[in-house]
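Student: I have not seen this structure before. Can we go through it one question at a time?
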Amino acid sequence: MSWEDKVRKVVPYTPGEQPNRPNMVKLNTNECPYPPAPGVRKAMEEFDTDRLRLYPDPTASVLVDALADYFGLKNTEVFVGVGSDDVLAMIFMTFFNGKDPILFPDITYSFYDVWADLLRIPYERMPLDDNFHIKKEDYLNKKNGGIIFPNPNAPTGVLVEPEFIEDILSANPDVIVVADEAYIDFGGKSALPLIHKYDNLLVVQTFSKSRAMAGIRIGYAMGNERLIKYLNDVKFSFNSYTMNQTTLALGVEAVRDDAYFKEIVGKIVNTRERVKKELKELGFEFQDSMSNFIFATHPKYDAAELFEALRREDIYVRHFNGERVKDYLRITIGTDKEMDTLLEFLRNYIK
Ligand code: PMP
């Protein structure tokens, strides 16, 4: 026997690379290519460092209130965390404690199985159809301990409508259903209005993509008061001070500037639609994406080789090794200029 027998052994999640070179084109982790709202910069410049002597408000109330106001909710219906990763991890810990497996798609956010393994939660992956769409039937009649998927799904970009989620909710009243809406602002309709109709729905969103603040780490869950209370009970049993003083001050400013938020989201959506056309002209194939990335394959070129060729030019996209996805590249939508650099490279490569 050794101490090693008592270790909680896990295979960790592998985040995308974060290289930082001056002229690189970074399209590999779905970040926003535009800066955060101007008010965020101002709040950062004016931040009084003396405040750092004190612990932050453990209830993160300024940020929770700002989000509740923005979405027309009560502040008891909002939970905030250190990025939606933290929020999702808390959700797994709080709500996925049954004996039946939780369900999520076979091609999806690759952190779900990591949390499930970490927390010893049984799970089952439900295969997407051949066009990378979630098969709703899989989630309607199967005994399970909870359901989670991103909408739009990642890395496929495929969106479902709220009615699709509603069918899953009503078929599964005894478990929690989580809509991970990390990318919903890029053209989808949120399931948020359903939280008052279904007491088993949690909607999770993030500041990392459409609010241009992946570096600050803010995510949030919205659901009825009882769900949020249970989440807070677990959070306060784990780490009370998750949201630091700077994050709270800057996060509030990001929520306040709705015009800026809409402006940058609009720009990204326009760029995405243009890039879709150009990629198609180059022979790429992909499902219609409603997120800030496109998951594309080319019938004539090997994705892993293309990934390496792009990398040599300092253009970073994401390539996953899974059996069903190894022929694809996930390309984040950057600025028009960044996308032009990518497209120009591809035009030369594909001849
Ligand atoms: N959900 C999905 C589907 C994602 O792609 C990501 C980004 N990696 C996250 C959640 C987590 O994002 P964050 O922790 O930055 O909010």
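Student: Which atom of the ligand does Asp 180 approach with a polar side-chain atom, and at what distance?

Tutor: This is a predicted model, so the distance is a computed one. The atom on the protein side is a polar one in the side chain of Asp 180. A pair of N or O atoms counts as a polar contact within 3.5 Å. The partner is a nitrogen atom of the ligand, and the distance is 2.7 Å.

Student: How much of the accessible area of the ligand does the protein cover?

Tutor: Start from the ligand on its own, which has 400 Å² of accessible area. The share of this that the protein covers is 91%.

Student: Which part of Asp 85 lies 3.0 Å from an oxygen atom of the ligand, and which part of Ser 84 is 2.6 Å from one?

Tutor: For Ser 84, the N or O atom at 2.6 Å from a ligand oxygen belongs to the side chain. For Asp 85, the atom at 3.0 Å from a ligand oxygen is an N or O atom of the backbone. The answer is side chain for Ser 84 and backbone for Asp 85.

Student: Which helix gives the most residues to the shell around the ligand?

Tutor: The ligand is surrounded by 13 residues, and Ser 84 and Tyr 183 are among the closest. By class, the shell holds five nonpolar, four polar and four charged residues. Four residues of the shell come from one helix, residues 83-95, and this is helix 3.

Student: Where is Arg 217, and what is its phi?

Tutor: Arg 217 is also listed among the closest residues to the ligand. It sits in the loop between strand 7 (201-206) and strand 8 (219-222). Its phi is positive although the residue is not glycine, with a value near 70 degrees.

Student: Which prolines in the loop between strand 5 and helix 5 follow a cis peptide bond?

Tutor: One cis bond runs from Asn 151 to its proline, with omega near -5 degrees. Another joins Ala 154 to its proline, with omega about 5 degrees. Both prolines are placed in that loop. They are Pro 152 and Pro 155.

Student: How much area do domain 1 and domain 2 bury between them?

Tutor: The chain is divided into domain 1 (19-35 + 259-349) and domain 2 (38-256). Their contact takes 26 residues from domain 1 and 29 residues from domain 2. Of the buried area, 63% is on carbon and sulfur atoms, and the total is about 2,100 Å².

Student: Which residues of domain 1 lose the most area to domain 2?

Tutor: Together these residues make up 33% of what the domain 1 side buries. They are Phe 261, Gln 287 and Arg 324.

Definitions and conventions:
Residues are numbered from 1 along each chain as its sequence is written. This is a predicted model: local features need pLDDT of at least 70, side-chain atom pairs count only at pLDDT 80 or more; totals for chains, interfaces and linings use all residues. Side-chain values use heavy atoms; hydrogens and water are left out. A residue is near a molecule or strand if one of its heavy atoms lies within 4 Å of it. A polar contact is a pair of N or O atoms within 3.5 Å; within protein, one must be able to donate a hydrogen and the other to accept it, and residues adjacent in sequence count only if both atoms are side-chain atoms. Accessible areas come from the Shrake-Rupley method with a 1.4 Å probe; for residues, only the protein chains shown count as cover. Helices (H or I, at least four residues) and strands (E, at least two) are DSSP runs, numbered from the N terminus. Ala, Val, Leu, Ile, Met, Phe, Trp, Tyr, Cys and Pro count as nonpolar, Asp, Glu, Lys and Arg as charged, and the others, Gly among them, as polar. Domain bounds come from an automatic or database domain assignment. Contact means heavy atoms within 4.5 Å. Buried area is the accessible area (1.4 Å probe) that two parts lose on being put together, summed over both.
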